[in-house]
Amino acid sequence: MAEKCEICGKKFGIFVEKHKLDDGRVVCYECLDKYRKEQGKDLPDVVKNYGVGMQLVLFIAGFLSSFVCIIAGLDMASIQSVAGNTVAEAYYNSVGVFVIGIGLFVGPLLWGIAYSIRKK
Ligand SMILES: [Zn+2]
């Protein structure tokens, strides 16, 4: 099996799926799409919508994880007793900041993956 698209030369990978044309050539999704359109056949809706669906799922997951982590983080960071800081409070406050950090990391990470799917 070829490791590159036989039409545009794009390397196959996680986001560049291999597709076999009727004439035996192994090509990427984009070239398959073009080929099908030239042939007057269109892609089945399931295949066409797959990328968009994944993007949406990742985008929502990214948003929710950031949101939840930031809320939880702010909540933990604001834990304080009337008497002042104890070791436990200091610990929870640090964990709160850490959780906010994870939220800020996970959100953009998932959005990045969603973006790279769109570039396909
Ligand atoms: Zn191609």
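Two residues are in contact here if their C-beta atoms, placed from the backbone, lie within 7 Å. This criterion applies to the contacts named on the tour below, which runs through a predicted model.

**The whole chain**

Begin with the entire protein in view, coloured by confidence. The average pLDDT is 79, and 82% of the residues score at least 70. Where pLDDT is low, the predicted coordinates should not be read in detail. Switching to a cartoon representation shows three helices and two strands, and tracing the chain along its sequence gives the order β-β-α-α-α. Of the 120 residues, 13% count as buried. Among contacts between residues at least 6 apart in sequence, 47% join residues at least 24 apart.

**Strand β2**

Next, select residues 26–27, which form strand β2; the mean pLDDT of this strand, 92, is the highest among the elements of the protein. Val 26 belongs to this strand. Is Val 26 buried or exposed, or does it fall in between? Val 26 has 18 C-beta neighbours inside 10 Å and therefore counts as partly exposed. Now add Lys 4 to the selection: the C-alpha atoms of Lys 4 and Val 26 are 8.0 Å apart, with 22 residues of separation in sequence.

**Helix α2**

Move on to residues 45–77, helix α2, where the mean pLDDT is 77, the lowest among the elements. Within this helix, select Ile 70. Ile 70 is classed as partly exposed because 18 C-beta neighbours lie inside 10 Å. Which residues does Ile 70 touch, leaving aside those up to four places away in sequence? They are Ile 100 and Gly 103. Displaying Gly 96 as well allows a further distance to be followed: its C-alpha atom is separated from that of Ile 70 by 8.3 Å, and the two residues are 26 apart along the chain.

**Helix α3**

Helix α3 covers residues 87–119, and Leu 110 is found in it. Centre the view on Leu 110. Why does Leu 110 count as buried? A residue is buried if 20 or more other C-beta atoms lie within 10 Å of its own, and Leu 110 has 21 such neighbours, so it counts as buried. Beyond residues up to four places away in sequence, Leu 110 touches Leu 58, Ala 61 and Gly 62. For Leu 58, the C-alpha to C-alpha distance to Leu 110 is 5.5 Å, although 52 residues separate the pair in sequence.

The last stop is Val 95, also in helix α3. Val 95 has 15 C-beta neighbours inside 10 Å and so counts as partly exposed. Select Met 76 together with Val 95 to close the tour: the two are 19 residues apart in sequence, and their C-alpha atoms lie 7.2 Å from each other.

Notes:
Residues numbered from 1 in each chain as written. Predicted model: local features only at pLDDT ≥ 70, side-chain atom pairs only at ≥ 80, totals over all residues. pLDDT = per-residue confidence, 0-100. Helix = DSSP H or I, 4+ residues; strand = E, 2+ residues; numbered from the N terminus. Buried ≥ 20, exposed ≤ 12 C-beta atoms within 10 Å, placed from the backbone.
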